[in-house]
Amino acid sequence: MDLLDYTLGQALEKWAYEMPENDFVVYPDRGLRFTYGDFNKRVDRLAKGFLAIGVKPGDKVGIWANNVPDWLTIMFATAKIGAILVTINTNYKLSELEYLVKNADVNTLCIIGAYRDSDYVQMVNELIPELKTSERGYLKSEKFPELKNLVFIGPEKHRGMYNMPELLLLGENCDDNTFKEISSKLDCHDVINMQYTSGTTGFPKGVMLSHHNILNNGYLVGKNMNYTHEDRIMTPVPLFHCFGCVLSVCAVVSHGAAVVLTEDFDPLRVLAGVEKEKCTAICGVPTMFIAELNHPMFDMFDLSSLRTGIMA
C-alpha cells in the first residue's frame with residue numbers, strides 16, 4: 001500500500017497550487033470560508049509570526065481552544081516550521097493544565113478567552129502570576145521555566161500576551177528567507193503533534209506523532225471512504241481530539257476535500273450546515289447522531305447530499 005511522504009505543509013501547498021479557489025475550511029453559521037489558496041497564505045503569515053517571537057523547530061506550542069477558526073491555522077503554521085502542536089482538552093481544570101504545560105515543556109501557549117464555565121484568561125493568570133508584570137515575549141515563570149510566550153486567539157489585548165492580529169502582522173512584515181530555510185529541512189518523519197492520553201490508568205502521557213503518522217492515518221480513512229476534492233465533510237467534533245484533527249482534517253487535506261466546521265456541537269447548526277454546504281460526509285459520536293436524528297426540526301432539512309460518515 002502506497003503511503004504519502006509529504007509533510008502536513010506540503011499536503012496543503014499541493015492543493016493551494018493545484019486548485020487555489022476550492023474551499024478548504026468553511027464555517028457555515030458564520031459565513032466564513034477559506035479557499036486552499038487563501039488559507040495557505042494565512043498559515044504562512046502565522047508561521048513567520050511564530051518565528052518572529054522566537055518559536056523554533058522542536059518547540060512545543062500548546063493550543064487550548066474549542067473549534068475556533070484559527071485552530072487550524074495554528075495547526076498548519078506550527079507544522080510548517082517544525083514546531084510540535086500540543087493539543088489541550090477544553091474541559092481541563094487548573095491542575096490538569098498545570099500538569100500538561102509542565103510535562104510537555106510547552107514553550108508557547110495559545111488560548112481563547114473562555115469556554116463553558118471556565119475562564120481561560122483568569123486561569124492562566126492564576127497559574128502564571130508573572131504574566132501581569134511581563135512584557136510580551138519576555139516571560140520568566142518560576143513554575144514553567146520553558147514557557148516563553150502566551151498568545152490570545154483573537155483580537156483582544158491581555159497583559160503579557162500577543163494576540164492573533166499582532167502575530168499575523170509580524171509574519172507579514174518578516175522576510176521569507178528563514179521560513180523557507182526551515183521549511184526546506186523538514187522531514188515527514190519529524191514529530192509535529194503531541195496528544196495526551198486520558199490518563200485512565202495513571203497520569204496522561206503525551207503521544208508523539210509525526211507528519212507521516214497523522215497525514216497517512218487521515219489519508220487511509222479518506223481512501224476507504226472514497227473521498228475526492230468534491231467531498232465536504234461536516235465536523236462538529238473537537239479538533240483537540242484525534243477524531244477532529246486527524247480522522248477529519250487530515251483525511252480532508254490529504255484528498256483535497258473541504259472541512260465544514262462548527263465551533264461547538266449544536267444539532268441544529270449541524271443539520272443546517274449539511275444542507276447549506278451540501279456536505280457529503282459527517283463525523284460524530286453516537287450522542288451527536290442521536291441528537292440530530294431526534295431533533296424536532298430534523299425533517300425540515302434536505303440531507304440528501306450525505307453519502308457516508310464516521311461514528312466513533
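Let's start with one rung of a ladder: T108 has N149 in β8 as its bridge partner. This is a predicted model, where local features need pLDDT of at least 70 and side-chain atom pairs count only at pLDDT 80 or more, while totals for chains, interfaces and linings use all residues. Residues are numbered from 1 along each chain as its sequence is written, and side-chain values use heavy atoms, with hydrogens and water left out.

That rung belongs to the parallel pairing of β5 (residues 106-111) with β8 (residues 149-152), which runs over four bridges. Strands here are DSSP runs of E with at least two residues, helices are runs of H or I with at least four, and both are numbered from the N terminus; two strands pair if DSSP finds at least two bridges between them. Zoom out, and you get an open, mixed sheet of seven strands in the order β9-β8-β5-β3-β4-β10-β11. β9 (162-163) and β11 (206-210) sit at the edges with a single partner strand each, so one side of each has no neighbour in the sheet.

Now for the other sheet. Six strands make up an open sheet with mixed pairing, ordered β2-β1-β13-β12-β14-β15. Its edges are β2 (32-35) and β15 (308-311), each with a single partner strand, so one side of each is left free of a sheet neighbour. β1 (residues 23-27) pairs with β2 in the antiparallel sense over four bridges, and D23 stands opposite T35 there.

The loop between β1 and β2 is worth a look too. R30 and E263 join their side chains in a salt bridge, at 2.1 Å from N to O (a Lys or Arg side-chain nitrogen within 4 Å of an Asp or Glu carboxyl oxygen). R30 lies in that loop and E263 in the one between β13 (258-261) and α10 (267-277), so the pair ties together parts 233 residues apart in sequence. The structure holds 20 salt bridges.

What about the inside? The largest nonpolar core has 99 residues, and L8, F50, W71, L72, M75, F76 and V124 have the most contacts inside it. Helix α9 (residues 242-253) gives the most to this core, with eight residues. A core here is a set of buried Ala, Val, Leu, Ile, Met, Phe, Trp, Tyr and Cys residues joined through side-chain atoms within 4.5 Å; buried means under 20% relative accessible area, exposed over 50%, and partly exposed in between, using a 1.4 Å probe and protein chains only.
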